[in-house]
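Student: Can we go through this model together? I'd like to know what the terms rest on.

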Amino acid sequence: MGKFLRTVFLVDLLQGLWVTFRNQRPKYIYTEQYPAERPKVAERYRGAPRLNINPDNGETLCIACNLCALACPENLIVVGSERNEQTRRKELTYFTYDISRCMFCGLCEDACPVDALELTQDFELASYTREGAIWDRQMLEEGPRPTQYRC
Amino acid sequence: MPETTFLDANELVINMGPQHPSTHGVLRVILKLDGEKVLGTECVIGYLHRGVEKIGENRTYQMFAPYVDRMDYVAAVSNGLGYCLAVEKLLNVEAPPRAQAVRVILTELNRITSHLLWLGTHALDIGAITPVFYCFREREEALKIFENYCGARLTTHAFRIGGLQYELYDGFEQEVRAFCDMFLPKVDEYEELLTHNRIWVQRLKGVGILTGEECKEYGVTGPVLRAAGVKWDLRKAQPYSGYEQYEFDIPTGQNADTYDRYLVRMQEMRQSIRIIRQAVEKIPTGPIMGKVGKVVKPPTGEAYVSIEAPKGELGYFVVSDNSTQPYRVRVRPPSFINLQALDRMVRGALVADVVAIIGTLDIVLGEVDR
């Protein structure tokens with residue numbers, strides 16, 4: 001009898017509707033208004049790569065050891081180096097990083113012994129051309145400069 | 001299969017997929033129909049084949065770890081754990097206790113996110129649109145913990161061979177505890193929405209029955225097997241990563257139908273919270289990385305490790321020839337094996353039930369095709 005009454009009075013459906021009604025509060029909104037409101041990604045977020053420079057003199061921290069290129073599963077890092085005859089040390093000449101093939105696994109930054117290569121919190125990596133996805137040393141040092149829209 | 005159909009009409013062959021929203025990816029099911037009744041099916045897979053196992057033969061052991069995340073991308077952490085455990089078995093090392101506790105917490109959180117995605121999409125397939133929003137809302141909270149911990153939300157690459165790469169961040173325990181407290185009432189909320197809902201019950205009860213015997217014949221594991229009343233969970237049967245320290249129950253069903261699978265998965269989420277609560281209370285201190293060198297070069301041999309992934313038994317078979325690259329990596333993906341049972345389950349069902357049955361198997365095509 002009770003089951004019959006519950007069926008007639010749509011108790012199961014009303015119960016569900018009550019749940020929906022309870023969840024109407026605006027504080028439960030999770031949608032981000034993306035271009036206007038920029039998401040705050042985590043500190044450890046693995047985004048665009050950056051080649052760190054020494055802030056005091058602007059020289060690169062990279063010692064051209066090639067470990068990141070060896071660690072990369074996709075072989076997308078190319079490190080060019082030249083031996084400086086005066087200081088007898090290897091110096092970085094060029095550094096390319098192919099963003100289009102990167103899967104942001106973070107193995108390159110783990111491999112870097114001097115914390116020169118780092119995956120940063122920048123996540124806007126779109127470019128208009130295929131070539132634009134291959135970042136050279138200058139781009140890696142400056143980082144991406146996406147247009148920031150504000151309302 | 002019967003030769004003649006109802007009223008001697010011709011049997012109708014239609015394609016469901018590969019771009020059907022209810023096939024959860026790119027699964028193509030060729031349905032042979034007699035009116036609304038399904039006479040037989042044939043699954044066509046491979047649209048998402050990337051040759052992950054072959055890639056493994058051309059990468060070093062560490063390099064292959066991010067690729068396994070891309071098989072079952074809904075439960076990437078479990079995949080990573082399975083692979084790391086297999087290579088650790090080859091190397092004969094064990095992750096330190098602290099790493100093991102963190103691994104348990106993260107894989108259980110991942111089980112919850114995987115089940116939440118399953119619940120949302122399964123309900124969406126059947127016609128209940130509300131749960132998907134609620135599920136994704138809670139999933140977001142768990143994904144935030146992943147993002148804070150390892151820097152990625154979906155393809156996490158959270159574990160390394162021998163332990164962990166990242167130390168816990170400040171406030172990890174609080175966040176996980178807050179998630180547990182927040183999440184349990186939400187499971188009740190989903191149950192309130194669905195469990196007694198007459199449309200939900202009528203669409204699921206008695207649909208896609210796969211008995212325990214049939215499950216064993218097909219090799220079906222995971223919640224599908226447990227809903228058939230077989231108490232089989234690898235976390236209890238062959239504990240790995242310190243699961244023997246935690247107290248939890250194995251939820252089982254009796255009717256082996258789609259509705260019981262739903263109930264089993266809901267219970268599993270509660271049990272996961274129970275495990276996380278126990279694990280987060282006693283994360284041991286100590287190192288997070290075992291004695292593994294920079295170059296992983298296991299001795300010649302082979303290792304098979306299977307873990308209880310959210311979808312079933314996930315096994316990794318790694319063969320080493322004493323070089324830095326695996327000689328062979330074979331994956332036993334739960335979705336692939338579970339998908340075999342689809343034909344058995346849909347025979348005699350209606351077309352609308354096919355959607356429900358594909359949903360209840362909880363397949364991820366990235367894992368089926370590899």
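**Pocket and interface**

Tutor: Sure, let's start with the lining of the largest pocket: its residues divide into twelve nonpolar, five polar and three charged. Keep in mind that this is a predicted model, where local features need pLDDT of at least 70, side-chain atom pairs count only at pLDDT 80 or more, and totals for chains, interfaces and linings use all residues. Residues are numbered from 1 along each chain as its sequence is written, chains are lettered from A in the order in which they are written, and side-chain values use heavy atoms, with hydrogens and water left out.

Student: What makes a residue count as nonpolar, polar or charged?

Tutor: Ala, Val, Leu, Ile, Met, Phe, Trp, Tyr, Cys and Pro are nonpolar, Asp, Glu, Lys and Arg are charged, and the others, Gly among them, are polar. On the side of chain A that touches chain B, that gives 16 nonpolar, six polar and eight charged.

Student: How do you know which residues are in contact?

Tutor: Contact means heavy atoms within 4.5 Å. By that rule, 30 residues of chain A are in contact with 33 residues of chain B.

Student: Why is the pair Glu189(B) and Arg22(A) called a salt bridge?

Tutor: The rule asks for a side-chain nitrogen of Lys or Arg within 4 Å of a carboxyl oxygen of Asp or Glu. In Glu189(B) and Arg22(A), the closest N and O atoms are 3.4 Å apart, so the pair qualifies as a salt bridge.

Student: How many salt bridges are there between chain A and chain B?

Tutor: The count is four salt bridges.
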